[in-house]
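Subject: Handover of a structure for your review

Dear colleague,

I am handing over the structure below for your attention. Please look through it first; my findings come after it.

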Amino acid sequence: MSVTVEVANLIKQFDGGHVRAIDDVNLAIEEGEYLVLLGPSGCGKTTLLRTIAGLEQPTSGEVLIAGSVVNGLPPRVRKVAMVFQSYALYPHKTVFGNIVFPLKPEKLAKDERESKARWAAELLGIDQLLDRKPRQLSGGERQRVALARALVRAPHVFLLDEPLSNLDAKLRASARDELKRFQQRVGTTTVYVTHDQAEAMGLGDRIAVMDKGKLRQLGHPVEIYDDPADTFVATFIGSPPMNLVERDGTLVGFRPEHLLPSAHVTGESVEVSFHVDRIEYLSGDRHVYGTVSGIGEDTRVIARLPATVTDAVTPGESHPFGVSVDKLRFFGVESGTRAEPIRMEAKHG
Amino acid sequence: MAEMVSDAPTRQTLAGARQRLADRDGFLAWIFLVPTVVYIVVLVAIPFFLAIAFAFSDVTAGNPSYDWVGFENFRRVFADPVFWQSLRNTFVFTVISMLLIVVFGKVLAMVLTADFKGKWIVRFLVLLPWTTPVALSSITWLWLLHSIYSPIDWVLRTVGLIDDNSYFLGRPALAMGSVIAVHVWRLVPLAAVIMMVGILSIPDDLIEASRIDGAGFWRRLFEVTIPLTFPLIAVAALFGAIFTFTDMAVVYILTAGGPTNSTQVLASWSFTRGIAGGDIGQGAVIALFLFPLLLAAAVLILRAVRKVETF
């Protein structure tokens, strides 16, 4: 079963009001949706998740699950399941004991409880580990036990707090894939917190980008990447981040992969001179560091040349580069938010 | 560059001096161990072996010459019904006090770990009984439980719960209860602090996970908190047991073993026989009976502590 989750005008203050961990956030999560809360550490994403879970009470505003206000209700009646960053497995219980634990408050016969726990364990492929203690498990196995424990009660909402951050890089990629397929199979509304944009891009149906307690942008991964709502989102998402060049009180932004040697830019484009300082080779791409002039003020930027672009680029020399006009994004210098496009001297190629 | 060159020799000699001192592990190990070894030999080992030696002798306060008498002291001690009563009392006091100490200590530990204003002052006040010297607090209790001037009696009388004084220390059952109460009052803070450490060492995540998993207060207590802190609860219980088992100050000051030996324990009876009565041989025999239980308790504590590390 999947339900909607909504937060309305949510504010959470800590330290007697000096810190606003969540600053007037409005967010509606659809049925069965996989929503990723993305932001740097301390941006309030985990606090928001914990407020939805009922582990924190909001200072003001409302949390709605399946359309009804759940403010003040304890976690257990909200029918949410949470996977913690540390997994928070009970170290003194076996894997089976951990998985069956959430079923105990429900009035179920013992064998029904056990068969449900076994079903959850089988679904995650850990049925051969049921007699082990958590400390005898690897990181990936622990994560699955935590998921099985979350799953067993058939919750309305899954809340995942950076569940992959304790895994090594290699395992993380496969665990990410597994998580996504698992959620698609059970179809439960999921809120996933991470500071890793690759996870967010890969997992989220939609991404909510947060900074300093505020919701900066909510949208599909492509939208967030291509049309960032402000300079924070523009520079937080993307690696390397979006280049920003100031011109007449406006910031002109473009992604590193859109700054290419002139010959590779088609359509209406802005011609620039790119003085190259340094080149890095990263998994087939060339990351070219240098100073760009001709868009606005001379600014240090990064260009990312895909492996298909083989033009010679020499450090210490200036090269003719270009950016397609439709790839340019404009932001206010003061506000940082999206601004009206300004006229650029364009060349039709 | 010139500076670096001139600096180099100074640095080298300084580093060399430090290393010479810190490097001599064998020497340092001895220096650090000596106080402990001296303490154990002088205050534990020598008295212990002396007690064993005295137990087989006819040494008295009046005649300290050592004559071997075999098991004569044991025979006489065993023939004395007061010894058996002391032994029984010791176990009764220890077991009941230990249970109460663990229960109240656990409750207190949970109160002290809860989040409320003025927590530090409450923590400070709660620890006072433990920091007060036993003799002083026992004298205070002697007054609180006094047969004529007891303020407790006065309050109960004024409220109308009793007509006559209770004679807390004058009736066998009440005297035993009073001794147990004072032991519990004295040792609960220690147990609470030990168990507090246990509660604080549980990661917040685990408690929150159990809330998400739908566990209420009692289930969380019995299925999460207590199992996770069990080793420390065991340590608190064993400390409570050892301190009650070996204590003579509370009994000696409150009742001196009375009325009619109803609160007599091994420690107080050993003192009465061996020091007050002058029969050092018998006093030593009685005191030796503390040894097996203390040994068992020490083994159990070490096991519990090892279990803490395996979680």
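The following paragraphs set out what was found.

Please note at the outset that this is a predicted model. The account begins with chain A as a whole, continues with one of its sheets and some backbone details, and ends with the contact between chains A and B.

Overall view of chain A

Chain A comprises 349 residues, of which 40% count as buried. Its secondary structure consists of 8 helices and 19 strands. Taken along the principal axes, the C-alpha atoms of chain A fill a box of roughly 75 × 45 × 35 Å. Among the contacts in chain A with a separation of 6 or more, 65% are between residues 24 or more positions apart.

A sheet of three strands

One part of chain A that may serve as a starting point is an open sheet of 3 strands, in the order β11-β12-β18, with antiparallel pairing. β11 and β18 of chain A stand at the edges with a single partner strand each, so one side of each has no neighbour in the sheet. On average, neighbouring strands of this sheet are turned by 30 degrees against each other, direction ignored. As general background, strands of a sheet pair through backbone hydrogen bonds, either parallel or antiparallel.

The pairings can be followed residue by residue. β11(A) and β12(A) run antiparallel and are joined by 5 bridges. Within this pair, A:N243 has A:F254 as its bridge partner in β12(A), and A:L244 stands opposite A:G253 in β12(A). On the other side of the sheet order, β12(A) is joined by 4 bridges to strand β18 (residues 329-332) of chain A, and these two strands also run antiparallel. Here A:T250 has A:G332 in β18(A) as its bridge partner.

Is β12(A) largely enclosed or largely open? Of its 5 residues, 4 are buried, so β12(A) is largely enclosed by the rest of the structure.

Backbone details

Most residues other than glycine have a negative phi, and most peptide bonds are trans. Three places in chain A deserve a look against that background.

The first topic is the hairpin formed by β11(A) and β12(A), which has 2 residues between its strands. A:D248 lies in the turn of this hairpin and has a positive phi of about 50 degrees, although A:D248 is not a glycine. A:D248 is exposed, with 10 other C-beta atoms within 10 Å.

The next topic is A:N9, which is placed in strand β1 (residues 5-14) of chain A. A:N9 is a residue other than glycine, and its phi is positive, near 50 degrees. With 11 C-beta neighbours inside 10 Å, A:N9 counts as exposed.

The last topic is a peptide bond. From A:S239 to A:P240 the bond is cis, with omega near 0 degrees. A:P240 is found in the loop between α8 (231-236) and β11 (243-247) of chain A.

The contact between chains A and B

How many residues does each chain bring to the contact? Chain A contributes 18 residues and chain B contributes 15 residues. On the side of chain B that touches chain A, the elements giving two or more residues are α9 (204-212) and α10 (217-246) of chain B. The largest share of that side, 6 residues, comes from α9(B). By type, the residues on the side of chain B that touches chain A divide into 9 nonpolar, 5 charged and 1 polar.

With kind regards

Technical notes: Residues are numbered from 1 along each chain as its sequence is written. Chains are lettered from A and ligands numbered from 1 in the order in which they are written. This is a predicted model: local features need pLDDT of at least 70, side-chain atom pairs count only at pLDDT 80 or more; totals for chains, interfaces and linings use all residues. A residue is buried if 20 or more other C-beta atoms lie within 10 Å of its own, exposed if 12 or fewer, and partly exposed in between; C-beta atoms are placed from the backbone. Two residues are in contact if their C-beta atoms, placed from the backbone, lie within 7 Å. Ala, Val, Leu, Ile, Met, Phe, Trp, Tyr, Cys and Pro count as nonpolar, Asp, Glu, Lys and Arg as charged, and the others, Gly among them, as polar. Two strands pair if DSSP finds at least two bridges between them. Axes are lines fitted to C-alpha atoms, for helices over the stretch in contact, and angles run from 0 to 180 degrees between N-to-C directions.
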